[in-house]
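Trainee: Please take one part of this model and look at it closely. I would like the contact between the two chains, and the nonpolar packing that goes with it.

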Amino acid sequence: MFGDYSVGDLMSIMVMQGFAGLILFSVFVLMALGLAIIFGQMGVINMAHGEFMILGAYMTFLTSHLCETYAPGLYGGYFFMAMIVAFIASGTLGLLVEWTLIRHLYSRPLDTLLATWGLSLIMQQAFRSTFGAREVGVELPPWMMGSLPVAGSIEVQINGLFVMGLTILITAIVALLLYRSRWGLQVRAVVSNRTMSGAAGIDTRRVDRLTFGLGCGIAGIAGSAFTMIGSTGPTAGQLYIVDTFLVVVFGGAQSLLGTIASALTISQSQSTLEFFLTGSMAKVLTLLMVIGLLMLRPQGLFVLKVRR
Amino acid sequence: MSSGIISKSFTPSRRELLLGAAALSSSALIAPSAWAQQFPTAKVNTTGLAVTDTEVTVGILHSVTGTMAISETGSVQAEKLAIEQINAAGGVLGRKIIFIQEDGGSDWPTFAEKAKKLLVNDKVASVMGCWTSASRKAVLPVFEQYNGMLYYPTFYEGLEASKNVIYTGQEATQQIIAGLGWVQKEKGAKTFYLLGSDYIWPRTSNKIARKHIENFLKLKVLGEEYFPLGHTQFNSVINKMKLAKPDVIYAIIVGGSNVAFYKQLKAAGVDLNKQTLMTISVTEDEIDGIGGENIVGGYACMKYFQSLDNPNNKGFVSAFKKMWGDKTVIGDVTQAAYLGPWLWKLTVEKAGSFDIDKVAAASPGVEFKGAPEGYVRVHENHHLWSKTRVGRARKDGQYDLVYETAELMEPDPYPKGYQ
């Protein structure tokens with residue numbers, strides 16, 4: 001299949017393809033981070049994760065409109081404001097949901113699945129009633145569109161670079177919080193042994209609430225960033241949720257490193273396969289590979305050694 | 001595919017046609033109040049449909065919740081507008097149209113259930129509804145078993161022709177063939193790259209496109225690829241296309257994937273003013289979500305654009321905006337949905353009866369001169385004769401008409417040499 005192309009062509013395509021894989025990797029990490037934190041810490045599978053992302057996307061849409069109307073001078077930088085707004089909106093809603101709904105269900109993990117699924121339906125309908133059933137278009141400031149010519153025919157997308165940078169930043173912040181802050185220490189203590197940490201004076205309820213809020217807030221940021229590459233509509237969250245679960249489950253639910261490693265494996269195999277096969281076949285083979293590996297390692301790639 | 005119960009074509013007898021024509025011309029002269037006397041309910045409704053001396057009930061069956069609500073909302077709006085206008089003009093055979101709206105909920109079994117409810121419980125005289133092929137396939141047996149009449153608005157893959165359905169959208173050949181001919185002639189295209197979402201409509205359409213490109217135009221297809229519904233990452237295929245350098249990207253991607261595809265195409269530096277792209281799945285409705293700046297310069301092959309410059313369309317667009325708000329946009333399917341109630345009214349008045357069998361038989365030959373897309377006529381196979389048009393996307397989300405076929409295209413749901 002490469003017969004007709006020059007070596008230079010092939011080289012630049014390989015570089016761009018590698019870059020496409022890295023973008024996909026960043027997208028996966030960003031999607032999965034919030035869910036992984038919540039799942040790992042509390043054992044709650046948040047089925048409404050996609051909807052928290054879309055809440056962030058809608059906040060971006062609103063911010064861009066407000067900015068255009070009231071502060072056109074700041075338009076070039078509205079995206080940064082939008083991400084902060086998205087984090088606050090999704091995070092606040094997350095805290096509220098934890099307080100009203102999730103905390104009553106900690107002893108019934110299967111019921112949280114059902115409750116958060118119901119929540120996702122409610123949120124979808126709320127989006128539909130508020131913003132309309134149709135998708136909304138989020139306009140980007142001009143500097144974020146297009147691509148940078150690197151060398152010869154090699155071009156890299158600016159918004160791809162942006163997502164990568166954002167992912168690195170958020171992951172670093174989360175890692176710092178988890179492994180260097182007092183809150184992180186408490187989280188890790190609660191993950192290891194909830195009862196003992198409670199006995200040692202850690203307010204486990206408070207830790208739970210903050211974790212849930214943070215997880216949802218990160219989902220909001222992810223949703224905000226994804227307005228650059230995907231659609232914003234009431235049910236768009238469903239587009240991401242399957243891949244998100246895949247990454248989290250495959251990585252091993254309780255480990256940040258696992259999430260990253262799993263996102264890397266899935267994204268690289270998918271983008272490589274997509275190049276040689278068609279989109280549908282690539283997905284099939286990726287899923288088969290994940291199923292195969294999960295049969296060998298049901299706990300996922302990385303597991304914390306926890307005494308139960 | 002057609003099954004035994006679906007008849008491929010059926011022709012009304014000459015006598016019926018003449019009778020219908022006579023009824024239409026004489027009825028046009030009398031005042032609405034006199035209709036009921038000239039067409040007593042017992043005579044125009046022999047099968048127990050919901051028709052009284054003053055009213056007739058029809059059904060509207062679309063998804064207003066779930067994934068498909070995005071697309072089907074416009075159809076519901078257009079059908080309600082048409083019904084309101086028909087009532088203002090005196091109704092159907094002097095009877096005011098009442099509608100019962102049911103929600104298919106983006107779920108195909110629900111569509112079948114609601115169709116049965118409309119036909120069996122409500123005894124509606126016709127149903128305007130469905131959008132996806134899957135929902136139409138789900139309700140088709142219901143309409144054939146209980147003998148109902150469905151006006152189906154969406155452009156679709158063809159390979160179907162039922163006595164109980166009037167297809168007001170284009171079947172695949174009407175949408176594809178003229179557009180490919182245009183792009184060959186006008187753009188000098190020699191090579192094509194076909195893309196699609198992975199389900200029946202894009203696959204069947206691309207199959208027809210490939211046959212036409214290879215066998216009739218004698219040109220080359222460089223690649224053909226499908227993506228799962230909801231796929232959001234197109235960077236790999238964009239790289240592949242950069243390597244293959246096709247003259248034309250032919251895209252039939254739908255739903256949320258659409259938005260992701262065009263945004264990523266733009267981000268990858270593919271300028272649609274230089275790279276020819278043709279799509280049959282992006283109407284003005286979809287551009288709302290994609291963002292005009294991401295698809296500007298791309299070509300769409302449809303039968304209707306909101307920007308069409310004719311008196312019918314101007315009236316339609318302003319009435320639509322008056323009813324549903326200034327910001328609404330009107331896509332191809334929305335216009336096709338608007339045709340449904342009108343065609344039904346014209347057919348009933350031609351047949352002089354609400355009976356399903358008579359309406360089905362009277363349908364071929366029915367003309368609607370007030371169609372926003374221009375003149376349309378019902379073919380014997382229950383599809384519409386209509387023109388194919390190519391439009392070029394503008395930044396504001398509208399299309400500029402760049403080409404339209406001189407003649408009406410004949411609907412051909414079972415195209416020979418394309419299967």
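Mentor: What follows covers the side of chain A that touches chain B, then the nonpolar cores, then one helix. The model is predicted. In it, 37 residues of chain A are in contact with 35 residues of chain B. On the chain A side, five elements each supply at least two residues: helix H1 (7-42), strand E2 (154-157), helix H5 (158-180), helix H10 (256-276) and helix H11 (279-296). H1(A) gives the most, with 7 residues. By type, the residues of this side of chain A divide into 14 nonpolar, 15 polar and 8 charged.

H1(A) also appears in the packing. The largest nonpolar core has 134 residues, and those with the most contacts inside it are A:Phe28, A:Ala32 and B:Tyr250. H1(A) provides the largest share of this core, 21 residues. As a rule, nonpolar side chains in soluble globular proteins tend to be buried together. Leaving aside neighbours within four places in sequence, B:Tyr250 is in contact with B:Phe192, B:Tyr193, B:Leu194, B:Leu195, B:Ala209 and B:Met278. Another core, of 71 residues, lies apart from the largest one; among its members are B:Val56, B:Ile83, B:Ala125 and B:Phe354.

Last, the helix. Helix H8 of chain A, residues 204-226, has 23 residues. From its first C-alpha to its last, H8(A) reaches 33 Å, close to the 33 Å expected at 1.5 Å a residue. H8(A) is mostly covered, with 20 of its 23 residues buried.

Terms used. Residues numbered from 1 in each chain as written. Chains lettered and ligands numbered in written order. Predicted model: local features only at pLDDT ≥ 70, side-chain atom pairs only at ≥ 80, totals over all residues. Contact = placed C-beta atoms within 7 Å. Helix = DSSP H or I, 4+ residues; strand = E, 2+ residues; numbered from the N terminus. Nonpolar A, V, L, I, M, F, W, Y, C, P; charged D, E, K, R; others polar. Core = buried A, V, L, I, M, F, W, Y, C linked by C-beta atoms within 7 Å. Buried ≥ 20, exposed ≤ 12 C-beta atoms within 10 Å, placed from the backbone. Expected span 1.5 Å × (residues − 1).
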